[in-house]
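User: I am new to this structure and would like to go through it by question and answer. Please give the cut-offs behind each term when it comes up.

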Amino acid sequence: MNSLRRTLLGALALTVLKPFAALAAWNNDAFGAKSAQDALKGIGATGAAPSKDIVIEAPQIAENGAVVPIEITSNIPGTTSIAVVIEKNPFPLAGKFDFTQSALPYVKLNVKMGETSDVRVVATAAGRHYAATKEIKVTIGGCGG
Amino acid sequence: MKRLSLLLALAFCVPAPAQDAKKEIQKYQQMIADGSPVELFEIGGEELWKKPQGPKKVSLEKCDLGRGAGVVKGAYARLPRYFKDADRVMDLESRLLYCMSMLQGRSAEEATKRVFGNQDTPSEMEYLSAYIAGQSRGEKMAPGTTHAKEKEAFALGEKLFFHRAGPWDFSCASCHGEENKRIRMQDLPVLSKPAAARPVVATWPAYRVSNSQFKTMQWRINDCYRQMRMPEPVFASEATIAVNLFLAATGKGEPYRGPGTKR
Amino acid sequence: MAGPMKMRATLAGGNTEVRVLMTHPMTTAQSGQPLHFIQTVTVKQNGKPVLEAQTSQAVSRNPVFSFRLKGGAKGDKIEVSWLDNKGESNRIEGVVA
Amino acid sequence: MRAFAVLLFVPAVALAQDVEKVLKRDFKARGQATMDRVLPDALQRVCNETNDRPPAELAKTLEADQMKTIAFPAGSLIGSWQNGERIAQGGRGLTWSDKPGGPNDGSCYNCHQLSPKEASFGTLGPSLYRFGAVRGNGPEIQKYVYGKIYNAKAYNLCSQMPRLGYSGTLTEAQIKDLVGLLLDPASPVNQ
């Protein structure tokens, strides 16, 4: 029960130093949500303020939706969590990354996108939420390669 | 007349964003290469290389890929080439079949039963290609071009490359014959020209993200013929090796940086 | 049995860059195949969990992740493990080079 | 083992000229892609032998032969551009992995720009964006577009464009729908 998430809700900055006590249960509600809004509600990250300090490095055009590389850096001090939401996917929440103080708020991953969509990244720092968005176009391919 | 052609130019010219699109697609390709799972296939291939198989229950570790029995390092970069023991030109896949027969005692029928795998179960050829090609990283591509049979294979490959047939009248050059063309968004390298062939031969075999599968050069040629609406080329047949050698020799000199990652 | 994993941990700019590859089908509900995907990924530095991810079926097949850990030194022990929706798991350990 | 030996001791081709012999030996029928496909017809043979640059006289004669293969339907050739857009998008037909008997598509976007809404288009063929807006949609241009799609070789002997009607890829109704896509003023191509 001593999860990072709960500690953060209390905004007790010092306790962030503590490592994860146990693997938090997979967030069924958030990952099962069918809209970006519900997904963000599921992880308790609604009402995020737009921020230029979240850097989303991704191609504007993906040649194939099966693999869309995304690299995310949060330059917001004290970032403890980054959530990746693909608005038009059937289940928008793609991942949520929780960092202790020993990890940098950075992740690079490959995601699937069913169609052209905004990708929204929500970073959490000291209990407050910040968001940045990038549109990625998914194109139809020829036979090439 | 002048006005009409100007009008046509305006109507048909490629809009400026196309340049940006090209840059973004290059960025996509760079990023998928950086985040490629291709090494997982190399691990799987090394395991198969060392696994005793066939009636003789031996591994392929004594297989001579052209640089001596058991030498894997740099071997892929020197293929296809002429092999004296078999008295023919071989690419990686045909040479592996030869070793499977000679060393492991396996029949061609059994060894070629499942040469193209799928997402869930890649084929033995795919794993082995990943491992062996990966051992040529940084080595300059230098396929055989001097032996008489290598020259013959090159000439045949070139002929095949330009040969139009089938219900759609296609040759390889129908798609890969003109500069700065693309199918959908995919750039089409003019594979008969060194500048375009070099980066291609230096990055096959490859992991394809569109179907999350590792694919060999034999597969690449096979699938082109499928899309040309032709009958199926026999795996590791002389025709396929000839096309492969034609491409490899045209693109020689580039340091190998595969196995690649493609759309 | 889960397929191979591969990990590389290197020092870059004073921090530790961890790149990890996982063999996994990551099938989606839409694919017609049984839903099968990694749900959690944990990174440990010298035995201490430092990063925890929850993931969905939207992560591509054969996942590749890069993470960055603050500081670090050659020889640090890095461990990455995953657990999927069927209870299957795998882990890989290595040292910072 | 025996099969393998056969594979090994095939004599090397002395001259590359017998490409056809090699194709017959090294290819095999699969699905609807039968072996008769490796044999070039008269037109392909000429294009192969002349590197797609046939002598003008010969080209004219053979183009006229190809023109005779086109049966132009009577009346308006403008079908449904909505259907045409779907046919232009799709790429099914005639490969060994396609279902024999179709339905097939035109693979148009592989090589041509058409509707401005589709950003993923090929450039092997010319852009056809605003094709009808520039040329109108009278009977002559309808006939040209229909014929060109049915058998491109009737207009340019060694064109790289497949003979989509002649090869049995597209039906008469489908080609009309593609004519609609190109010429109907309401088609997105002409916006």
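User: In which segment of chain D does Ala186(D) lie, and is Ala186(D) buried or exposed?

Analyst: Ala186(D) lies in the segment after α9 (172–183) of chain D, where helices (H or I, at least four residues) and strands (E, at least two) are DSSP runs numbered from the N terminus. This is a predicted model, in which local features need pLDDT of at least 70 and side-chain atom pairs count only at pLDDT 80 or more, while totals for chains, interfaces and linings use all residues. Residues are numbered from 1 along each chain as its sequence is written, and chains are lettered from A and ligands numbered from 1 in the order in which they are written. A residue is buried if 20 or more other C-beta atoms, placed from the backbone, lie within 10 Å of its own, exposed if 12 or fewer, and partly exposed in between; because Ala186(D) has 11 C-beta neighbours inside 10 Å, Ala186(D) counts as exposed.

User: How far apart are the C-alpha atoms of Ala186(D) and Glu118(D)?

Analyst: Along the chain, Ala186(D) and Glu118(D) are 68 residues apart. In space, the separation of their C-alpha atoms is 16 Å.

User: What is the secondary structure of chain D, and which percentage of its residues is buried?

Analyst: Chain D has nine helices and one strand, and along the sequence they follow the pattern α-α-β-α-α-α-α-α-α-α. Taken along the principal axes, the C-alpha atoms of chain D fill a box of roughly 65 × 40 × 30 Å. Of the 191 residues in chain D, the buried ones make up 45%.

User: Which two chains share the most contacts, and how many residues does each give?

Analyst: Two residues are in contact if their C-beta atoms, placed from the backbone, lie within 7 Å. There are five pairs of chains in contact, and the most contacts are shared by chains B and D. That contact takes 40 residues from chain B and 46 residues from chain D.

User: Which elements of chain D give two or more residues to the side that touches chain B, and how is that side made up by class?

Analyst: The elements giving two or more residues are α1 (2–8), α2 (19–26), β1 (27–28), α3 (42–49) and α6 (108–111) of chain D. For the classes, Ala, Val, Leu, Ile, Met, Phe, Trp, Tyr, Cys and Pro count as nonpolar, Asp, Glu, Lys and Arg as charged, and the others, Gly among them, as polar. On this side, chain D has 28 nonpolar, 12 polar and six charged residues.

User: Which strand of chain B is joined to β1(D), and which residue of chain B stands opposite Phe27(D)?

Analyst: Two strands pair if DSSP finds at least two bridges between them. Two bridges join β1(D) to strand β7 (residues 232–233) of chain B, and these strands run antiparallel. Within this pair, the residue opposite Phe27(D) is Pro233(B).

User: How far apart are the nearest C-alpha atoms of chain C and chain D?

Analyst: Chain C is in contact with chain B, through nine residues of chain C and 10 residues of chain B. Chain C and chain D, however, do not touch, and the distance between their nearest C-alpha atoms is 20 Å.

User: In which order do the six strands of the open sheet stand, and which strands are at its edges?

Analyst: The pairing is antiparallel, and the order is β2(A)-β4(A)-β7(A)-β5(C)-β2(C)-β1(C). Each edge strand has a single partner strand, so one side of each is left without a neighbour in the sheet; the edge strands are β2 (54–57) of chain A and β1 (5–12) of chain C.

User: How many bridges join chain A to chain C between β7 and β5, and what stands opposite Ala103(A)?

Analyst: Strand β7 (residues 103–111) of chain A and strand β5 (residues 64–69) of chain C run antiparallel and are joined by three bridges. Opposite Ala103(A), in β5(C), stands Leu69(C).

User: What does chain C consist of, and what is its radius of gyration?

Analyst: Chain C has zero helices and seven strands, and its C-alpha atoms fill a box of roughly 45 × 25 × 20 Å along the principal axes. The radius of gyration is taken over C-alpha atoms, and the globule rule is 2.2 Å times the number of residues to the power 0.38. For 97 residues that rule gives 13 Å, and the value for chain C is close to it, so chain C is as compact as a globular protein of that length, with a radius of gyration of 14 Å.

User: In the hairpin of β6(C) and β7(C), which residue takes a positive phi?

Analyst: Strands β6 (residues 77–84) and β7 (residues 89–95) of chain C pair in the antiparallel sense over seven bridges, and Ile78(C) has Gly94(C) as its bridge partner. Four residues lie between the strands of this hairpin, and the residue with a positive phi, near 85 degrees, is Gly87(C).
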